[in-house]
Structures are given as structure tokens and as C-alpha cells.
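Biologist: Please take one strand and look at it closely, then work outwards to its domain, its chain and the neighbouring chain. I am a first-year student, so please explain each term when it comes up.

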Amino acid sequence: MKDRNHLGNIGLIHQVNIIENGLIDIPMLQVLQPDGSVHSKADLPEITEHCALKILHTMQYIRLLDERMVAAQRQGRISFYLACTGEEASTIGSAAALEPQDMIMSQYREQGALAYRGFTTKEFMDQMFSNQNELNKGRQMPIHYGSKALNFMTISSPLGTQIPQASGYAYGQKMAGLDAVTICYFGEGAASEGDFHAGVNMAAVLDCPAIFFCRNNGYAISTPSEEQFAGDGIASRGIGYGVRTIRVDGNDVLAVYSATQAARKIALEHQCPVLIEAMTYRLAAHSTSDDPTGYRSKDEEERWRLKDPVLRFKTWIDAKGWLNKEQNLEFIEQTRQEILKELKLAEQVPICPIEQIIEDVYDTPPWHLKAQLAELKTHIKKYPEAYPKTSGRL
Amino acid sequence: MAKMNMLQAVNNALITAMNDDEKVMVFGEDVGHFGGVFRATSNLQQTFGKGRCFNTPLTEQGIIGFATGLASQGSVPVAEIQFADYIFPAFDQIVNETAKFRYRSGGQFSCGTLTIRTPYGGGIAGGHYHSQSPEAFFAHVPGMKVVIPRNPYQAKGLLLASIRDDNPVLFMEPKRLYRASVGEVPEDDYQLPLGKADVIKLGSDITLLAWGAQVEIIEKAAAMAEEQGISCEVIDLQSILPWDIETVCSSVEKTGRLLINHEAPLTAGFASEIAASVQEKCFLHLESPICRVCGLDTPYPLAHEKEYMPDHLKTFEAIKRTVNF
């Protein structure tokens, strides 16, 4: 047996000295200033023109998608939507620093990461219209995307549940000897769930190559972060759990990209977790069911609009001489039209046939589910007009 | 009397309870300044201050553990879980702590003043994480009471009774009816008894039993059956635990038939418990098997929500089958 000493190298004091809150100062990495210029002392990440333009295009794409889908919800065409406006740099900048084989476990506001991976407009639309082409077979509310092919785990509404799962997934990657990590996104609100503490602690103890990426956007629906925690954000907790930690400006895509690149390298080389806290702001409402005028001021929102992550990055790209303005306008117009076209197509596609209702509950449907389906089909045949979405195909 | 929807009735009950007893405190995710995502707690913080109505961090296990401790200290917490689908991180606290607090201490300590409010149920295009009806999980826990209202009047009276009951109560609110159900509600303080069912309509051929939002479904089916000459007695169970076996059995002894409807999946749903108990008590009065019209044994679907739901048509067909057995 190993002889343990859990006191380690604890020093001794001989007067009562209660440690004050906030003694650890965790600074924030910023490469680009809000006006898009580079800080004179900043280390620029190694980033290719191709990658930079792909990031910009994904940001612009997501903004167009968000605008269009919020409008579609208002028109009653989809039941629900959740925009990520203001947080594009956090999700897209981090996704860009990963490799395609890395697993993404997201919360629900990371459509930018998914788009960067290559999720198509058609796939977005099929999901939001819950039609029969949808990869999750129309079983979840709009925005609960998932793609096995793109290593993007299907989203679950309950908050924080993906955090310990990410630790487990990353442990599996390590044991299989893969050159891959798991990134786990969550908000500062979800970090109050017990699953956060369980998941990060387990990743630390079990040496899991996971990147815990917190989008600290200031609000959990209406609850401001000062009512969410009294400590120094989420970064301070990483230190408490013995996890390497960095805080970045979540509206600065180059800072996010640099930090995530470094985190991936450390996670793989040292086989350990890294926590990134991205300081950003949810300019969007929580969802289309939410109205932020009930809990925050227009002035506050305006202050953050000035820190627009897309404009900041575009300005930098322009200064690098990588931006062809004419081509970019063309890209935006083409994207707008593609979104409209795919939206119109997806809303015409029927939902899955009724047989799907009992599938995937188990690997194969047991007797009682088969019996319930048979009874349901008999019933639908008797009242076809009451179940118009499925009766036509019985 | 005033015209209120169910949200206004819940809000009114909370104001009534907070005015009546300064130990009543209301908290949960977003319930403070914002008044809750459904606005059930509107203006409570503004009226009663941040000490008595406040936002909590986003942790259901924390909310219920905190509420249980607060109740054991002698306060009267009304804790909100934003959706019943999200109550499960608090399952350990509810099942192992809240429900057993009095029993394990030989009656020395109790958290009986605790009430947990939570919206539940489907019909709102919420998919499986905003639609579930988990009442049967909690009905399986000795020490918890489970209460579900069907309209604004019942909501206020039953919520006030739950807050003042000396047992922890899980008060489940049918969110599909939050704005859809409107009715006359007394502005005064009143309570409706826990553990009592409500016979809504008398009938002679079959007893229809449901709770929450499904009560209007069985009423609709009853109206269809009446047109075919089938007389239905309609009962709202109101309290899932303890449940009013006396009212249900005396109805079944009269009609000889029982149909139970709930949104939750069929298998091990609360209808199973009712059916088992009723056949024990009323075996010789039964003229047909007790019938359950329930959700399918699948997660609550999104695209197939309409097909999944135990609607009035499925109920009507089941009434005919039962009567013609």
C-alpha cells in the first residue's frame, strides 16, 4: 500500500487568518480591441486566411439564420427559436480551434459551432420543422440539433447534464488512444447545477481530455450573474477543482481561438481537462418565449452592441487585406436566399410516419409498444381527420 | 369574485398566503423581479421584498434542499421548479430527505410546511423536456402529498390548502391551462380540502376519472357519449396522494364501470394504482374491466404529440368499449 499524506505541503499559521473572497485575480485574454485593432502587446494566433474567412462567413451565416428564424417563429411557422446574437465569437472561434474528430457536447446556444462543423441549412431547417428528414426524427423541440456524422452530440434541454457526460466521453477517447478531445459548452447559469461540479471534478480526478467551455453571457433567462454566484465567475472554480483554467474575452474571436487551441494542446499532451470562461453577453432574448425588457435596460444592451464580435473580427480581417467587400456582400445575399429557400422547402416536408413513434425507445420495440402502436393505428383510421399529419400514410 | 386565469389564481393565492403569514417565502429560478417564466410570481418581490421572494441559482437540487432546511427551521417555503421535467436533479432531496424528514427523526423534525410548485404536462409543442407528467414517481414516495388543480378556482383553494398543510406537498400546475382556463375566483382567502375528489357531473353508466388538464378531455368525451345515450359520471381526483378512494368507489359501485385518463405513460402510471385498489373494493359491482386511457409508453414526442395524447376521441372510443363489454 502506498503511504499517503493528504495534508501535503500545507503551511502553518498561528493567528486566525480567514482568507478573503476575491484574492485571486483572474485576468481576461484579449487580442482584438473592441474597435478591431490588435493590442500592441498581444500574441496573435497562427490563423490562415482560409480559416479566418470561414469563421467570418459562419458568423455572418448564423446571424442571418437567427434573424430569419426569430421572424419565422413570430410568423407562427416554427414553435420556438433561440438566437445566439452577441455570442458568435465564443462558439465559432472555439469550434474553429478544434479538429473534426473532437466531440462537441453543447448546451443549446451553440449553433455557430455546429454550422462551422458543416451542418447544412437544409439540416437546420429539417430540425426546426421537425420533419421526416430530421436527424433526430422530429422528436425534440426546434434547436435541439445533433449530428453523429459531425461529432455533435444531440442537445438535451435539461441544463448541465452534458457536463459529466463530457468527462465520460473524454475518458473513453483517452482509453481508446484517440487523437481527440471533447469540448463541453454551457452557460454560467448551468454551472450552478450539481452536474457541473460533479463533471468537472471527475474530469480532474480521472484525467479526462475535456475542454469545459463556459459562455458567461451575464444572464440565465432573467437571472443576472450576480444572483447566480458570489465568487469570481466560473474560472475561479476551475482552479478550485485543480483544473487548468483561462478566462477570455468571449467577443474577441482571436482570443477565443488562441485559448481553445492552447487548451486542446494541453488536454491532449497532458491528458487532462481545461476550463475556459468566455466573458460575453447574450444580446438576444433567452428564447422566443422570453422578453428581456422585463429584466434589463436598453442602455445596457446598447453598450454591448458596441462590442459586436462580428464587426470586430470583420474589421481585423479587412485590415489584414483578406476581405473582398464585393464578394462578401454577394455571400450574404446568397446565404439569405439559401436560408429562405430551404425554409420554404422544409416546411412542406411531412413529419415521420406514425410507426416511428415507438422506435428508438429501445433497440427494438418490445411487445407492449407494438400493441400500443397497433391500437393507435386502428384509432387513427377511425378518425383520420383528427390526425391529419399521420392519417394520410396509414 | 373576479375573473382570473390559472396563473392569476396562483399569483393571487401566493399573495394571500404571504399577506396572511410573514413566514411564507417564495423562490426559484427567475421567480424574483421577473415574476417567473410564466409570470405566476409577478410582483411578489416588489410587494414583499427580496427577502421573501427571490431568484435562486440554477440548481433544482439546491432549491429543494434549501427549501427543506428552511421548512425544518419553521418557515413556510413555496419553492418553484420551473418545469416538472427539470425536477429530477431534486429527486434525491425530495425522495430521501423531504419525504422522510419527520419519519426518520421520530417526529422531532419536520419540513411539513414545504410546498413545491411546478408546471407539468403537454399539449404545448414542448417535446419530451417540457411536457412530462411525473406525478406517479412522487405518488410512490411515502411522506409526500401530490395535488393537481383543473381550473383557477381549484388552483387557488388547493394551493392555499397545500401551503398550510403540515406535510410537504408537490403542487403540479397544468401549464396548458395557465392562460386557457379562465373562471370566477373569490378574492378572499379560502381553501379546498386535500385528499378529496370533486364529482363534477353525476351519471349512471360509467365513472370517468382524471386530474389536471385531462379533466376537460373526459368532460368532452362524456358529452360525446351522452349523445349516444351513455350517462357518464365525471370526477376530478384533485389529490393524487392521498387519493379519495371513498368518492371513487362509491361512484363505481353505482355505475359499475370505471375509466381513468392521464397524460403520463400507461405503464406504472397512477391509473394502475387506482385500478388495483378499485377492483379490490368494488369487484362484485364491476360490469366491465377497469379501463385506462393514457399516454403511450414512449418518451413524450414532439411531431407526434397529437397522436400520443389520450384525447377525447380515444376516451370516447374507450367509453363505448367499456359500456358494451
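Modeller: What follows starts with a single strand and then widens the view step by step.

This is a predicted model, in which local features need pLDDT of at least 70 and side-chain atom pairs count only at pLDDT 80 or more, whereas totals for chains, interfaces and linings use all residues. Residues are numbered from 1 along each chain as its sequence is written, and chains are lettered from A and ligands numbered from 1 in the order in which they are written.

The part to look at is strand β5 of chain B, residues 115–120 (strands, E, at least two residues, and helices, H or I, at least four, are DSSP runs numbered from the N terminus). Six of its six residues are buried, so β5(B) is largely enclosed by the rest of the structure; a residue is buried if 20 or more other C-beta atoms, placed from the backbone, lie within 10 Å of its own, exposed if 12 or fewer, and partly exposed in between. Thr115(B), Arg117(B) and Pro119(B) point one way from the strand, while Ile116(B), Thr118(B) and Tyr120(B) point the other way, and all of them are buried.

Next come the partners of this strand (two strands pair if DSSP finds at least two bridges between them). Strand β4 of chain B, residues 76–80, runs parallel to β5(B) and is joined to it by three bridges, and here Glu80(B) stands opposite Arg117(B). Strand β7 of chain B, residues 169–174, also runs parallel to β5(B), with six bridges between them, and Leu170(B) in β7(B) is the bridge partner of Ile116(B).

Widening the view, chain B is divided into domain 1 (2–185) and domain 2 (198–323), with bounds from an automatic or database domain assignment. An unreviewed UniProt entry places "domain: Transketolase-like pyrimidine-binding" at residues 4–180 of chain B, although such annotations may be inferred rather than shown by experiment. Over residues 4–180 of chain B, the chain is 35% helix and 17% strand, and the end C-alpha atoms are 10 Å apart.

The C-alpha centres of the two domains of chain B lie 26 Å apart, and 25 residues of domain 1 are in contact with 20 residues of domain 2 (contact means C-beta atoms, placed from the backbone, within 7 Å). On the domain 1 side, β7 of chain B is one of the elements that each supply at least two residues, together with α6 (135–139), β6 (145–147) and α7 (152–164). By class, that side has twelve nonpolar, nine polar and four charged residues, where Ala, Val, Leu, Ile, Met, Phe, Trp, Tyr, Cys and Pro count as nonpolar, Asp, Glu, Lys and Arg as charged, and the others, Gly among them, as polar.

Finally, there is the neighbouring chain. In all, 32 residues of chain B are in contact with 39 residues of chain A, and the elements that give two or more residues to the chain B side are α11 (305–308) and α12 (312–323). That side of chain B has 15 nonpolar, ten polar and seven charged residues. The largest nonpolar core has 201 residues, and those with the most contacts inside it include Leu208(B) and Cys184(A); such a core is a set of buried Ala, Val, Leu, Ile, Met, Phe, Trp, Tyr and Cys residues joined through C-beta atoms within 7 Å. A second, separate core of eleven residues includes Ile358(A) and Leu296(B).

Conventions
Contact = placed C-beta atoms within 7 Å.
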